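Hello,

Please find the structure we spoke about below. My notes on what was found in it come after.

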Amino acid sequence: MSESTKYVLSEDRIPKAWYNLAADLPVPLPPPLHPGTGQPIGPDDLAPIFPMAVIQQEVSTERWIDIPEPVRDVYRLWRPAPLVRARRLEKALGTPAKIYFKYEGVSPAGSHKPNTSVPQAFYNKEEGVKRLTTETGAGQWGSSLAFAGSLYGLEVEVFMVKISYHQKPYRRALMETYGATCIASPSDMTESGRAILAQNPDSTGSLGIAISEAVERAVQRDDTKYALGSVLNHVLLHQTIIGEEAMLQMEMAGDEPDVVIGCTGGGSNFAGLAFPYLREKIKGKNVRVVAVEPASCPTLTKGTYAYDFGDTGHLTPLVKMHTLGSTFMPPGFHAGGLRYHGMAPMVSHVRELGLIEARAYPQTPCFEAAVTFARNEGIVPAPESSHAVKAAIDEALRCKAEGKAETILFCLSGHGHFDMQAYTDYFAGKLQDVPYDEAALQEALKGLPQVAAE
């Protein structure tokens with residue numbers, strides 16, 4: 001058994017293809033539907049929003065999708081990302097378990113998000129697009145698309161959820177450094193934003209609202225497309241480079257995970273690490289895969305599996321997913337990247353098939369786990385990533401109680417260097433575990449669209 005701490009691949013071992021779980025699903029994914037006709041959508045329906053190369057990846061059932069060499073060339077700026085054995089954390093916990101984490105905070109934007117922002121910007125540039133619009137919660141995705149846009153000379157406009165816009169000014173500054181424009185959402189720049197503000201002038205915003213604004217802006221100009229940082233199949237596809245690298249690195253360590261863990265908001269970093277392992281699980285490998293979400297926005301553990309809109313303004317196609325209802329407004333907790341009313345259709349699907357587990361945590365114990373991790377491993381996790389840290393620690397303590405030397409692998413999807421106000425609030429005792437409004441949730445679920453296909 002290797003005694004190394006870091007397992008680092010050479011640049012020539014960056015994977016040459018993304019893995020598409022759709023090729024190996026035992027039951028096909030329910031198709032996205034046109035909100036007007038209720039019929040499955042085709043490429044032409046998505047053309048006003050996405051470039052054709054992305055649309056083809058969205059609907060593909062090919063097992064492997066080649067990574068363009070220009071994209072791999074950009075990946076070399078930070079990939080392969082390291083796999084780290086958390087030996088000091090293991091010792092602090094007194095656990096016989098082995099804990100590994102795949103660290104995605106080494107990217108220029110500080111998270112896993114450039115794994116998809118770079119190819120999306122590349123494909124848009126190839127098709128002559130001049131301008132991209134998007135939404136962002138905590139700012140990880142917005143800063144990642146801003147970074148990718150700067151590489152390809154694309155104008156980038158980011159609608160940032162208002163609560164995070166004010167909580168995380170340095171994320172906003174990072175986007176502006178890369179040349180993007182950042183707008184607090186809901187805004188008065190769009191019909192959907194104005195409608196929300198008319199209803200609630202003090203709205204703190206949500207990812208669903210920000211998506212509506214970004215999509216609305218995208219369809220208004222022929223030179224503009226929309227880019228999404230999570231949820232859809234092509235985004236999850238691009239993120240599988242995480243798991244493919246991790247498999248090679250676990251081989252270097254002479255180990256294999258018994259438990260694979262990722263935090264879930266829209267599902268992208270979780271899918272990135274987990275989907276390659278689900279491929280092996282479908283083939284018969286005994287591995288537990290755990291998705292961890294915030295208790296204040298519990299889509300997988302409390303949501304309904306149904307067709308719903310991906311946005312609050314109902315401008316997007318209907319997709320079948322675990323949802324809290326497109327009008328649901330989560331409390332303003334610090335893990336802004338996890339404040340989304342729905343879960344990626346493919347993540348929702350594998351949950352329904354029993355291939356993954358799901359659990360939800362309040363934010364205070366997640367910050368406690370993050371501080372424990374930082375004081376032993378030196379890395380301050382993003383609030384989103386702290387959910388995965390908490391689950392990994394819980395699994396390690398379970399192993400301690402049961403006397404089992406299992407191997408735990410989790411995705412540390414980003415660092416928390418731009419989230420220090422959240423840690424300041426935690427140390428000051430100001431963090432509150434605000435529960436979601438059950439009555440508001442039930443009201444939002446009443447608004448789910450009626451779909452004959454169900």
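**Empty space**

The structure, which is a predicted model, holds two cavities of 30 Å³ or more. Rolling a probe the size of a water molecule over the atoms shows where empty space is left. The second largest cavity has a volume of about 40 Å³. Its lining is made up of Tyr19, Asn20, Leu21, Asn233, Leu236, Leu237, Phe275 and Met346. Helix H11 (residues 233–239) gives the largest share of that lining, three residues.

There is also open space to look at. The largest pocket contains about 560 Å³. Its lining has 30 residues, and those nearest the centre of the pocket are Pro32, Glu58, Leu232, Asn233 and Val319. At least two residues of the lining come from each of helix H1 (43–46), helix H2 (52–59) and helix H10. Asn233 thus turns up in two places: in the lining of the second largest cavity and among the residues nearest the centre of the largest pocket.

**Two helices with a buried face**

Which residues of helix H8 (residues 169–177) are buried? They are Arg171, Arg172, Leu174 and Met175. Looking down the axis of H8, these buried residues fall within an arc of 160°, so they line one face of the helix. Tyr170 and Thr177 are exposed, on the face of H8 turned away from the buried side. The buried residues of H8 pack against strand S6 (131–136), helix H6 (140–152), strand S7 (155–161), helix H7 and strand S8 (181–185). After H8 comes Gly179, which has a positive phi, near 100°.

Helix H9 (residues 191–199) can be read in the same way. Its buried residues are Ser192, Gly193, Ile196 and Leu197. Seen down the axis of H9, they fall within an arc of 135°, so they too line one face of their helix. Exposed on the other side of H9 are Glu191, Ala198 and Gln199. The cover over the buried residues of H9 includes helix H7 (162–167) and helix H10 (207–218). Helix H7 therefore appears on both lists: it packs against the buried residues of H8 and helps to cover those of H9.

**Aromatic rings**

A pair of aromatic rings is described by the distance of the centres and the angle of the planes. There are 16 aromatic pairs in the structure. In one of them, the ring centres of Phe101 and Phe373 are 5.2 Å apart and the planes stand at 75°; an angle over 60 degrees counts as edge-to-face, so this pair is edge-to-face. Phe101 belongs to strand S5 (residues 98–103) and Phe373 to helix H16 (residues 363–377), so the pair links distant parts of the chain, 272 residues apart. Why do Phe101 and Phe373 count as buried? The cut-off for buried is under 20% relative accessible area. Phe101 has 1%, so Phe101 is buried, and Phe373, at 0%, is buried too.

Another pair is formed by Phe122 and Tyr123, with ring centres 5.4 Å apart and planes at 65°, so this pair is also edge-to-face. Phe122 and Tyr123 are both buried. One aromatic cluster is made up of Tyr75, Trp78, Phe147 and Tyr178.

Two rings have a charged side chain over them. Arg172 lies over the face of Tyr165, at 4.1 Å from the ring centre. The charged end of Arg279 sits over the ring of Tyr19, 4.4 Å from its centre. Tyr19 is also one of the residues that line the second largest cavity.

**Two buried residues and their contacts**

Gln120 is in helix H5 (residues 114–126). Its relative accessibility is 1%, so Gln120 counts as buried. Leaving out residues up to four places away in sequence, Gln120 touches Trp141, Ala227, Leu228, His234, Val235 and His238. The C-alpha atoms of Gln120 and Leu228 are 8.8 Å apart, with their positions 108 residues apart along the chain.

Ile67 sits in the loop between strand S3 (64–66) and helix H3 (69–75). At 6% relative accessibility, Ile67 counts as buried. Outside its neighbours within four places in sequence, Ile67 is in contact with Pro15, Lys16, Ala17, Trp18, Arg72, Tyr75 and Ile241. Ile67 and Lys16 are 51 residues apart along the chain, and their C-alpha atoms are separated by 5.5 Å.

Regards

Definitions and conventions: Residues are numbered from 1 along each chain as its sequence is written. This is a predicted model: local features need pLDDT of at least 70, side-chain atom pairs count only at pLDDT 80 or more; totals for chains, interfaces and linings use all residues. Side-chain values use heavy atoms; hydrogens and water are left out. Buried means under 20% relative accessible area, exposed over 50%, partly exposed in between (1.4 Å probe, protein chains only). Helices (H or I, at least four residues) and strands (E, at least two) are DSSP runs, numbered from the N terminus. The arc is that of the directions from the helix axis to the C-beta atoms. Contact means heavy atoms within 4.5 Å. Rings of Phe, Tyr and Trp (its six-membered ring) pair if their centres lie within 6.5 Å; planes under 30 degrees apart count as stacked, over 60 as edge-to-face and the rest as tilted. A charge sits over a ring if NZ of Lys or CZ of Arg is within 6 Å of the ring centre and within 35 degrees of the ring normal. On a 1 Å grid over the protein atoms alone, a cavity is a set of points where a 1.4 Å probe fits but cannot get out, and a pocket is an open set with protein on both sides within 12 Å along at least five of seven lines; lining residues have an atom within 4 Å of a point. Grid points are joined across faces, edges and corners, and a volume is the space filled by probe spheres set on the points.
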